[in-house]
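Got your viewer open and a hand free for the selection box? Here is a short tour, one selection at a time.

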Amino acid sequence: MQTIFITGATDGIGLALARLYAARGARLLLVGRRPLSELDLSFFSASNYVQVDLSLSDAQARIADFIVAQGIDAIGVAIHNAGLGYVGEPAVQPAESIAALVSVNLQAPVLLTQILLPHLRRGQGKLVFVSSVVAAMATPDYAVYTATKAALDGFARNLRIELGDEVPILVIHAGATQTGMHRKAGADLERMKSTRFPTAEAVAEQMIKAIDGTRTEATIGLGNRLLFGAGRLLGLWLDRLQVRMGR
Ligand SMILES: NC(=O)c1ccc[n+]([C@@H]2O[C@H](COP(=O)([O-])OP(=O)(O)OC[C@H]3O[C@@H](n4cnc5c(N)ncnc54)[C@H](OP(=O)(O)O)[C@@H]3O)[C@@H](O)[C@H]2O)c1
């Protein structure tokens, strides 16, 4: 039975991943900030879920204790999925919001990686980072979010070289997905026409295919692959185009 570790498993893509892996018969280690009592108790339990706020300094120690308490030695797949956004100009973004984005989207995965690597080595496991297409392109009003995802890509890229074949690293670039993240970030759902985005379940299925495969990077969806490739190849030129077109 494969052990799968997922952060941000209480909603959206993380929850969809957890349910898909459960259907495969995996042993789950799930992390979220909500109390267990508020979750679906037919799925979550004290043996598969730990309530940890990843923006707090004790998060890593609490997760390490949870893994030990569950008697888990080897992990097959660890997915850094938890994330949050903020829509608006960074000039007026509250300092607490900036700190939360940096700590949950970037600092927590970096620190948690230290705890997870020994388990992944023992399980010949794979480390997965859930990034975004925005890592390759400018997205006005999402500057801090974009910066955290670009930095996460930078961390994963270096780690891949440092670890070699020891622990494979996969970075998944998701595109706009129909989850609660946009509402929580303060986005105008009608304006962004969020109902046309693919569901979390459809995206999670594509992610699991990528995790089962051997690629080191995967972008979900053809449109997103084109967008991501264009962002990498034509970055500064696209930035100038956005300025000229008034975004
Ligand atoms: N949705 C998109 O369009 C999109 C596009 C590209 C990439 N992504 C990435 O996909 C990943 C999953 O996002 P999603 O769309 O599924 O969003 P979501 O539905 O809001 O789920 C995010 C998960 O992270 C958890 N989380 C947030 N802050 C936390 C904290 N301080 N401590 C512990 N857990 C915390 C959330 O908990 P709560 O349930 O309590 O909120 C939730 O379980 C993120 O890394 C996001 O950046 C999303």
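We start at the ligand, then visit two loops and finish on the surface. Keep in mind that this is a predicted model.

**Stop 1: the ligand**

Select the ligand and show the residues around it. There are 30 of them, and the ones that come nearest are Arg34, Asn81, Tyr145, Thr179 and Lys184. Give those five side chains sticks before going on.

Now zoom in on the oxygen atoms of the ligand. Pick Arg34: one of its polar side-chain atoms sits 2.6 Å from a ligand oxygen. Do likewise with Tyr145, where a polar side-chain atom is also 2.6 Å from an oxygen of the ligand. For Gly12, turn on the backbone, since a polar backbone atom there lies 3.4 Å from a ligand oxygen. How much of the ligand's accessible area does the protein cover? On its own the ligand has 880 Å², and the protein covers 97% of that.

**Stop 2: the shell by element and class**

Switch to cartoon and colour the elements that each supply at least two residues of the shell: helix H1 (12-23), strand S5 (126-132), helix H4 (143-163) and helix H5 (181-184). Then recolour the shell by residue class. You should count eleven nonpolar, 13 polar and six charged residues around the ligand.

**Stop 3: two loops with positive phi**

Go to the loop between helix H3 (95-122) and S5 and select Gln124. Its phi is near 45 degrees, a positive value in a residue other than glycine. Is Gln124 buried or exposed? Its relative accessible area is 73%, so Gln124 counts as exposed.

Next, jump to the loop between H5 and helix H6 (200-212), where you will find Lys193. Lys193 is not a glycine either, yet it has a positive phi of about 50 degrees. With a relative accessibility of 52%, Lys193 is classed as exposed, because the cut-off for that label is over 50%.

**Stop 4: a nonpolar patch**

Finally, turn on the molecular surface and select Leu233, Leu234, Trp237, Leu241 and Met245. Together they make a nonpolar surface patch with about 560 Å² of accessible area. Click on Leu234, which belongs to helix H7 (residues 222-244). Why is Leu234 called partly exposed? Its relative accessible area is 40%, and that label covers values from 20% to 50%.

Notes. Residues are numbered from 1 along each chain as its sequence is written. This is a predicted model: local features need pLDDT of at least 70, side-chain atom pairs count only at pLDDT 80 or more; totals for chains, interfaces and linings use all residues. Side-chain values use heavy atoms; hydrogens and water are left out. Patches are made of residues with over 30% relative accessible area and no salt bridge: like charges are joined within 9 Å, nonpolar side chains (Val, Leu, Ile, Met, Phe, Trp, Tyr) within 5 Å. Accessible areas come from the Shrake-Rupley method with a 1.4 Å probe; for residues, only the protein chains shown count as cover. A salt bridge is a side-chain nitrogen of Lys or Arg within 4 Å of a carboxyl oxygen of Asp or Glu. Helices (H or I, at least four residues) and strands (E, at least two) are DSSP runs, numbered from the N terminus. Buried means under 20% relative accessible area, exposed over 50%, partly exposed in between (1.4 Å probe, protein chains only). A residue is near a molecule or strand if one of its heavy atoms lies within 4 Å of it. A polar contact is a pair of N or O atoms within 3.5 Å; within protein, one must be able to donate a hydrogen and the other to accept it, and residues adjacent in sequence count only if both atoms are side-chain atoms. Ala, Val, Leu, Ile, Met, Phe, Trp, Tyr, Cys and Pro count as nonpolar, Asp, Glu, Lys and Arg as charged, and the others, Gly among them, as polar.
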